Amino acid sequence: MTHHTGKSSHTHRTSPPGQYSKNALGAKAAPVTIMVPRTEALYLDDATLRTLTTEVLSSQSISSLSEEQKSLAKNVPAEDSTITMRQTIFYAQGGGQPSDTGAIGPVDQDPTFEVSLVRKTPDGQFLHFGKFLDATSSFVAGQPVMQKVNDSKRNYHSRLHTAGHIVGLAMQLLMPDKKKVKANHFPREASMEYEGLLYNEHKPVIQEKVDELVRLDLPILISWLEGVAQVGDGEGAEEGRTRIASIGGLDHNPCGGTHIARTSLVGSIVIRKISRQKGISRVSYDVSPGIEA
């Protein structure tokens, strides 16, 4: 399944200092402008996609990347490679959510590349970091390939992210004066942080409201705010518009993450603990069953 937004898929990038074109007299002219293809992130409109056929734009070793690009893969082995493609269904780490993992391979063949991390560059390219399963394997620009996202990990991350929004809505309904300052949807670290002080006696109250929202089986609604490139901290901003996630129309949060379709699909949410530091309260949570189930 493929679709297009009708928006430009390129970003203008000016060449680094010292790289200039020369005019006919050999004098320095204006810096060269390079067209960088943006990656079309199909999961933003359809988070159910787990496989996709698309086209390779580049395949290169991490050592050949720019310093800015290398900085996105600090924990990836230096001998690994990175693949860019015209489209992707892989979620790129950000917004408090880990990246997808999975595999890429030639169409109608077994996967040959294992994806361990996906990051998005400031100019909209998705870098798929990982390693070829065989030293003789490679991709070339223009080659059609099949992407496969790790299904169990995506579902788990989506449940954790939706659970964070459910905790956020519970807090909004119970304590509308408490301002959210941070959200983390990583496994074993998931939490929502608020200005002001919350105490252990708030824990059962929040838990009861969260359980109610899960039982109500509310839909997670995804929409786009056109012509608004940034709302709040810029989360969900994408090419001059902002993606909004809403639980049953009761809240509206700028969000670029992946979600499950309805609140009941989260399983159960456990409010693990409430902690405080320097005037900020953290509501830590988890979902059950975990990824192993």
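What percentage of the 293 residues of the protein count as buried? The figure is 44%, where buried means under 20% relative accessible area with a 1.4 Å probe, protein chains only. This is a predicted model, in which local features need pLDDT of at least 70, side-chain atom pairs count only at pLDDT 80 or more, and totals for chains, interfaces and linings use all residues. Residues are numbered from 1 along each chain as its sequence is written, and side-chain values use heavy atoms, with hydrogens and water left out.

Start with the whole chain. The protein has 3 helices and 20 strands. These are DSSP runs, numbered from the N terminus: helices are H or I of at least four residues, strands E of at least two. Contact means heavy atoms within 4.5 Å. Of the contacts between residues at least 6 apart in sequence, 66% join residues at least 24 apart.

Now look at one open sheet. Its 4 strands run in the order β13-β14-β20-β19, with antiparallel pairing. Strands pair if DSSP finds at least two bridges between them. At the edges sit β13 (180-184) and β19 (268-277), each pairing on one side only. From one strand to the next, the twist averages 20 degrees.

Follow β19 to β20 (residues 280-288). The two run antiparallel, joined by 9 bridges. Val270 has Asp286 in β20 as its bridge partner.

Helices come next. Helix α2 (residues 151-174) lies across β14 (191-195), β19 and β20, at about 135 degrees to β20. Helix α3 (residues 202-215) also packs on the sheet and touches β19 and β20. The direction of α3 makes about 150 degrees with that of β19. Such angles run from 0 to 180 degrees between N-to-C directions, with axes fitted to C-alpha atoms, for helices over the stretch in contact.

Terms used
Buried means under 20% relative accessible area, exposed over 50%, partly exposed in between (1.4 Å probe, protein chains only).
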